[in-house]
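Reader: Please take one part of this model and go through it closely. I would like its place in the whole, its partners and its surroundings in one connected account.

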Amino acid sequence: MAKSTKKKSSPGSKTIALNKQARHDYYIEQTFEAGLVLQGWEVKSLRDGRIQMKESYVIMEKGEAFLFGAHISALLSASTHVIPDSVRTRKLLLHGTEIVRINNAVDRKGYAIVPLAMYWKNNRVKVEIGLGKGKQLHDKRDTEKARDWGREKDRIMKRH
C-alpha cells in the first residue's frame with residue numbers, strides 16, 4: 001500500500017483553519033467560542049483540512065447565529081450516498097447571553113461578526129467568532145507599517 005504524499009496537520013495541532021483576512025480587515029474587539037452543527041461528511045472533510053473561510057461571515061437571524069460562505073469541500077469516498085452542499089448555511093451554537101450580547105453590539109454599535117478560526121476541542125469543531133469594526137485603508141497601512149517596524153526592530157536587536 002502506497003503512502004499518501006499529502007501532508008496532514010501534526011497530531012498536536014488542533015487548528016483546522018484560520019481567517020487571516022478578517023484580522024486584516026477588522027479591529028477585533030471581542031471574541032466568542034461557538035459550536036458548529038455539521039453533517040458526517042463535513043467532519044471527515046475537516047479532518048482532512050478541506051475548508052476555506054476567507055469569504056465567510058456570521059449573521060444573526062431570529063435569535064440564532066449562522067455561518068455563511070464557509071466552503072467545505074467534500075471527500076469523494078466519504079460522500080457517495082449523500083449530495084454534499086459545500087457552501088450550505090451552518091448553525092452556530094452559542095449561549096443565550098452571548099447571543100444577546102452579540103445582537104446588541106451589532107444593532108446598536110454597528111459591529112460586524114466575522115469567523116476568525118476553526119479548531120478541534122474535545123473532538124468537537126469550534127469556531128472562534130469576533131466582533132469587529134471595519135478598518136479604513138489608511139488604518140490597514142498603519143497596521144502594516146507597525147508590523148514591519150516591529151520585525152525590523154527584532155532584526156536589529158538580534159544582531160546586537
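Author: What follows is a close look at the hairpin formed by strands E8 and E9.

The model is a predicted one. Some context for the whole chain comes before the hairpin. The secondary structure amounts to 4 helices and 9 strands, and along the sequence these follow the pattern β-α-β-α-β-β-β-β-β-α-β-β-α. The C-alpha atoms occupy a box of roughly 55 × 50 × 30 Å along the principal axes. Of the contacts between residues at least 6 apart in sequence, 71% connect residues at least 24 apart. The exposed area is about 11,000 Å², of which carbon and sulfur atoms supply 51%.

The hairpin belongs to an open sheet of 7 strands, ordered E1-E8-E9-E2-E7-E5-E4, with antiparallel pairing. At the two edges are strand E1 (15-18) and strand E4 (57-61), each of which pairs on one side only. From one strand to the next, the twist averages 40°. Strands of a sheet pair through backbone hydrogen bonds, in either a parallel or an antiparallel sense.

Within the hairpin, E8 and E9 are held in the antiparallel sense by 9 bridges. One of these pairs sets Tyr-119 against Lys-126 in E9. On the other side of E8 is E1, joined to it by 3 antiparallel bridges; here Leu-18 has Ala-117 of E8 as its bridge partner. E9 in turn pairs with strand E2 (residues 26-36), again antiparallel and over 9 bridges. An example from that pairing is Tyr-27, whose bridge partner in E9 is Lys-133. Helix H2 (residues 40-47) packs on the sheet and touches both strands of the hairpin as well as E1 and strand E7 (90-93), with its direction at about 80° to that of strand E8 (112-121).

The turn itself is brief, with 2 residues between the strands. Asn-122 lies in this loop between E8 and E9, as does Asn-123. Most residues other than glycine have a negative phi. Asn-122 departs from this with a positive phi of about 55°, and the phi of Asn-123 is also positive, near 60°. Both asparagines face outward in terms of area. Asn-122 counts as exposed because its relative accessible area is 63%, over the 50% cut-off. Asn-123, at 66%, is exposed by the same cut-off.

The strand before the turn is another matter. In E8, 8 of the 10 residues are buried, so the strand is largely enclosed by the rest of the structure. For the chain, buried residues make up 32% of the 160 residues.

What encloses the hairpin can be followed through the largest nonpolar core. This core has 29 residues, and those touching the most other members are Leu-46, Leu-92, Met-118 and Ile-129. Elements giving two or more residues to the core are E1, E2, H2, E4, strand E5 (64-68), helix H3 (96-109), E8 and E9. E9 provides the largest share, 4 residues.

Ile-129 falls within the span of E9, residues 124-134, and its contacts show how the hairpin is set into its surroundings. Beyond four places in sequence, Ile-129 touches Ile-113, Val-114, Pro-115 and Leu-116, and also Gln-30, Thr-31 and Phe-32. The rest of its contacts are Val-58, Leu-92, Leu-94 and Ile-102.

One further residue of the sheet deserves a note, this time away from the hairpin. Arg-90 lies in strand E7, one of the strands touched by H2. Although its side chain is charged in name, what matters here is its setting: Arg-90 is buried, with a relative accessible area of 0%. Its side chain reaches the backbone oxygen of Arg-88 at 2.9 Å. Leaving out neighbours within four places in sequence, Arg-90 is in contact with Leu-36, Val-37, Leu-38, Glu-42, Ala-65, Phe-66, Leu-67, Ala-70, Ile-72 and Asp-85.

To return to the hairpin: its two strands pair over 9 bridges, E8 is largely enclosed by the rest of the structure, and Asn-122 in the turn is exposed.

Methods
Residues numbered from 1 in each chain as written. Predicted model: local features only at pLDDT ≥ 70, side-chain atom pairs only at ≥ 80, totals over all residues. Heavy atoms only, no water. Pairing = 2+ DSSP bridges. Axes fitted to C-alpha atoms, helices over the stretch in contact; angles between N-to-C directions. Contact = heavy atoms within 4.5 Å. Core = buried A, V, L, I, M, F, W, Y, C linked by side-chain atoms within 4.5 Å. Buried < 20%, exposed > 50% of the residue type's maximum accessible area, 1.4 Å probe, protein only. Polar contact = N/O pair within 3.5 Å; in protein donor to acceptor, adjacent residues only side chain to side chain. Areas by Shrake-Rupley, 256 points an atom, 1.4 Å probe, with all protein chains shown as cover.
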